[in-house]
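Me: I'm new to reading protein models and would love some help with this one. Could we go through it together, one question at a time?

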Amino acid sequence: MVYRYAKSPSLLAVELLNEPLAPKVSAGMLKKYYQDAYNAVQKYTSDAYVIMSNPISADYSNEILQFAGGFFGAVFDVHYYNMFNGSFDNTTAEWNIQFVRNERSAELRSVTKQNGPLTYVGKLSL
C-alpha cells in the first residue's frame with residue numbers, strides 16, 4: 001500500500017499494526033515486525049510518520065515505547081476507548097480533547113518522552 005501512495009502529498013502516516021494483543025504477541029515479535037515494517041515504509045518514503053501501536057494488555061509497553069524512540073518519524077499510539085463508555089455520548093471533539101488534556105495528562109506524560117517518539121491518542125468519542 002505504501003508504494004501506491006508514497007509520492008502523494010496527502011500521505012501523512014502509516015499505522016503498522018493496530019492494537020497488538022499481548023500475550024499472544026510478544027515484545028520480541030512486535031519489535032521484529034515493527035523493524036521490518038518500518039524499513040519497508042522507508043524504502044518508499046521517508047516523509048510519512050510511522051505509527052506503532054501500544055500493545056493491549058501488555059506489561060512491556062515501556063519497552064516498545066523505547067524501541068519506537070529509535071526511529072525517525074515514529075509515533076507511539078495509545079488508545080483510551082472513550083467511545084465505548086456511555087458517559088462520553090453526545091460530547092464534542094473539543095470536550096474530548098479537553099478531557100484527555102485534563103484527565104489523562106499523567107498517563108500521557110508517562111509515554112511522552114524528550115527525544116522519544118511523538119504520541120498519538122486514538123479512539124476518542126466523537
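Me: Let's start with two aromatic residues. Are Tyr38 and Phe71 buried or exposed?
Reply: Good place to begin, and keep in mind that this is a predicted model. A residue counts as buried when its relative accessible area is under 20%. Phe71 has a value of 12%, so Phe71 passes that test. Tyr38 falls in the same class, and the answer for both is buried.

Me: How is the pair of rings of Tyr38 and Phe71 classed: stacked, edge-to-face or tilted?
Reply: A pair of aromatic rings is described by the distance of the centres and the angle of the planes. Here the centres of the Tyr38 and Phe71 rings are 4.6 Å apart, with 55 degrees between their planes. Planes under 30 degrees apart would be stacked and over 60 edge-to-face. The angle fits neither of those, so the pair is tilted.

Me: How many residues apart in sequence are the parts that Tyr38 and Phe71 tie together?
Reply: Let's place each residue. Tyr38 sits in helix H2, while Phe71 belongs to the loop between helix H3 (61-68) and strand S3 (74-79). The pair therefore links parts whose separation in sequence is 33 residues.

Me: Which residues form one aromatic cluster?
Reply: Phe71 also pairs with Phe67, with 5.0 Å from centre to centre and 65 degrees between the planes, an edge-to-face arrangement. Phe71 is thus a partner in both pairs, because its ring also pairs with that of Tyr38. The cluster is made of Tyr38, Phe67 and Phe71.

Me: Let's step back. In what order do the elements of the protein chain run?
Reply: The chain has five helices and four strands. Write α for a helix and β for a strand, and start at the N terminus. The order is α-β-α-β-α-β-α-α-β.

Me: Where in the protein chain is confidence lowest, and where is it highest?
Reply: Across the chain the average pLDDT is 81, and 88% of the residues score at least 70. Where pLDDT is low, the predicted coordinates should not be read in detail. Confidence is lowest in helix H1 (residues 2-5), with a mean of 67, and highest in H2, with 91.

Me: Which element gives the largest share of the lining of the largest pocket?
Reply: The largest pocket holds about 170 Å³ of space. Eleven residues line it, and those nearest its centre are Asn54, Pro55, Val78, His79 and Tyr80. Two elements give two or more residues to this lining, S3 and helix H5 (105-111). The largest share, three residues, comes from H5.

Me: How many residues of that lining are nonpolar, polar and charged?
Reply: For a feel of the classes, Val and Pro count as nonpolar. Sorting the lining in this way gives six nonpolar, three polar and two charged.

Me: Is Thr45 buried or exposed, and how far is a polar atom of its side chain from the backbone nitrogen of Asp47?
Reply: Thr45 lies in the loop between helix H2 (27-44) and strand S2 (49-53). Its relative accessible area is 8%, so Thr45 is buried. From a polar atom of the Thr45 side chain to the backbone nitrogen of Asp47, the distance is 3.1 Å.

Me: Are Asn90 and Asn115 buried or exposed?
Reply: Asn90 is in the loop between S3 and helix H4 (93-103), and Asn115 is in the loop between H5 and strand S4 (118-122). Neither is a glycine, but phi is positive in each: near 60 degrees for Asn90 and about 65 degrees for Asn115. A residue is exposed when its relative accessible area is over 50%. Asn90 has 83% and Asn115 has 73%, so both are exposed.

Me: Which peptide bond is cis, with omega near 5 degrees?
Reply: Look in the loop between strand S1 (13-15) and H2, where Pro23 lies. The cis bond leads into this proline, and it runs from Ala22 to Pro23.

Me: One last thing: how far apart in space are Ala74 and Glu15, C-alpha to C-alpha?
Reply: Ala74 is part of strand S3 and, at 4% relative accessibility, is buried. In sequence, Ala74 and Glu15 are 59 residues apart. In space, their C-alpha atoms are separated by 9.9 Å.

Definitions and conventions:
Residues are numbered from 1 along each chain as its sequence is written. This is a predicted model: local features need pLDDT of at least 70, side-chain atom pairs count only at pLDDT 80 or more; totals for chains, interfaces and linings use all residues. Side-chain values use heavy atoms; hydrogens and water are left out. Buried means under 20% relative accessible area, exposed over 50%, partly exposed in between (1.4 Å probe, protein chains only). A polar contact is a pair of N or O atoms within 3.5 Å; within protein, one must be able to donate a hydrogen and the other to accept it, and residues adjacent in sequence count only if both atoms are side-chain atoms. Rings of Phe, Tyr and Trp (its six-membered ring) pair if their centres lie within 6.5 Å; planes under 30 degrees apart count as stacked, over 60 as edge-to-face and the rest as tilted. pLDDT is the predictor's confidence in each residue, from 0 to 100. On a 1 Å grid over the protein atoms alone, a cavity is a set of points where a 1.4 Å probe fits but cannot get out, and a pocket is an open set with protein on both sides within 12 Å along at least five of seven lines; lining residues have an atom within 4 Å of a point. Grid points are joined across faces, edges and corners, and a volume is the space filled by probe spheres set on the points.
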